[in-house]
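Student: I have a model open in front of me and would like to learn how to read it. Could we go through it together?

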Amino acid sequence: MSEADYQRIIDALQDLIDETQSTLERFETAGMDEKMSEDYEKLLDILDQAVKQQREHTLAMLDAS
């Protein structure tokens, strides 16, 4: 995979991270984190996985350099 490919994936994951964090903030502001705790946990899982994948791709890109 080229550096540009890695960067494209890293950027897409950053978009996902940003959107998920925004949604989590809206959940918390509306009190939905307590009313819809299962959905809130799913959002946290999505965020966690996206961060882990972004880190993996960043490390792979650095190793490829």
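**Reading the model from its start**

Tutor: Happily! Met-1 sits in the segment before H1. Keep in mind that this is a predicted model.

Student: Is Met-1 buried or exposed?

Tutor: The general idea is to look at relative accessible area, where over 50% counts as exposed. Met-1 has 59%, so Met-1 is exposed.

Student: Which residues does Met-1 touch, leaving out those up to four places away in sequence?

Tutor: Met-1 touches Tyr-6 and Ile-9. For a spatial reference, take Gln-54: Met-1 and Gln-54 are 53 residues apart in sequence, and their C-alpha atoms are 15 Å apart.

Student: Let's follow Tyr-6, then. Where does Tyr-6 lie, and how should I read its accessibility?

Tutor: Tyr-6 lies in helix H1. The cut-off for buried is under 20%, and Tyr-6 counts as buried because its relative accessible area is 12%. Beyond four places in sequence, Tyr-6 is in contact with Met-1, His-57, Ala-60, Met-61 and Ala-64.

Student: How far apart are the C-alpha atoms of Tyr-6 and Ala-64?

Tutor: They are separated by 9.9 Å, although the two residues are 58 apart along the chain.

Student: Now the helices. How do H1 and H3 pack?

Tutor: For a pair of helices, read the angle and the axis separation together. H1 and H3 pack at an angle of about 160°, and their axes are 9 Å apart. That angle makes H1 roughly antiparallel to H3, because over 145 degrees counts as roughly antiparallel.

Student: And what is the handedness of the crossing where H1 passes H3?

Tutor: The crossing is left-handed.

Student: Which residues make up the largest nonpolar core?

Tutor: A core is read as a set of buried nonpolar residues joined through their side chains. Here the largest one has eight residues: Leu-13, Ile-17, Leu-24, Phe-27, Tyr-40, Leu-43, Leu-47 and Ala-50. Helix H1, spanning 3-30, and helix H3, spanning 37-64, each supply at least two residues of this core.

Student: Can we zoom in on a couple of core members?

Tutor: Start with Leu-43, which is placed in helix H3. Leu-43 counts as buried because its relative accessibility is 15%. Apart from residues up to four places away in sequence, Leu-43 touches Thr-20, Thr-23, Leu-24 and Phe-27. Ala-50 is another core member; leaving aside neighbours within four places in sequence, Ala-50 is in contact with Leu-13, Leu-16 and Ile-17.

Student: Thr-20 turned up among the contacts of Leu-43. Why does Thr-20 count as buried or exposed?

Tutor: Thr-20 is in helix H1, and Thr-20 is buried because its relative accessible area is 5%. Not counting residues up to four places away, Thr-20 touches Leu-43, Ile-46 and Leu-47.

Student: What lies 2.7 Å from a polar atom of the Thr-20 side chain?

Tutor: For a polar side chain, look for a partner atom as well as for burial. In this case the partner is the backbone oxygen of Leu-16.

Student: What about Gln-54?

Tutor: Gln-54 is in helix H3. Gln-54 is buried, because its relative accessible area is 14%. Its contacts beyond four places in sequence are Ile-10, Leu-13, Gln-14 and Ile-17.

Student: Finally, Asp-11: where is Asp-11 found, and what is its relative accessible area?

Tutor: Asp-11 is found in helix H1. Its relative accessible area is 39%, so Asp-11 is partly exposed.

Student: How far is Asp-11 from Glu-38, C-alpha to C-alpha?

Tutor: The separation is 28 Å, with their positions 27 residues apart along the chain as the sequence offset. Compare that kind of reading with another pair: Leu-43 and Ile-9 are 34 residues apart in sequence and 20 Å apart in space, again C-alpha to C-alpha.

Conventions: Residues numbered from 1 in each chain as written. Predicted model: local features only at pLDDT ≥ 70, side-chain atom pairs only at ≥ 80, totals over all residues. Heavy atoms only, no water. Core = buried A, V, L, I, M, F, W, Y, C linked by side-chain atoms within 4.5 Å. Buried < 20%, exposed > 50% of the residue type's maximum accessible area, 1.4 Å probe, protein only. Helix = DSSP H or I, 4+ residues; strand = E, 2+ residues; numbered from the N terminus. Contact = heavy atoms within 4.5 Å. Polar contact = N/O pair within 3.5 Å; in protein donor to acceptor, adjacent residues only side chain to side chain. Axes fitted to C-alpha atoms, helices over the stretch in contact; angles between N-to-C directions. Parallel < 35°, antiparallel > 145°, perpendicular 65-115°, else oblique. Left-handed = near helix turned anticlockwise from the far one by under 90°.
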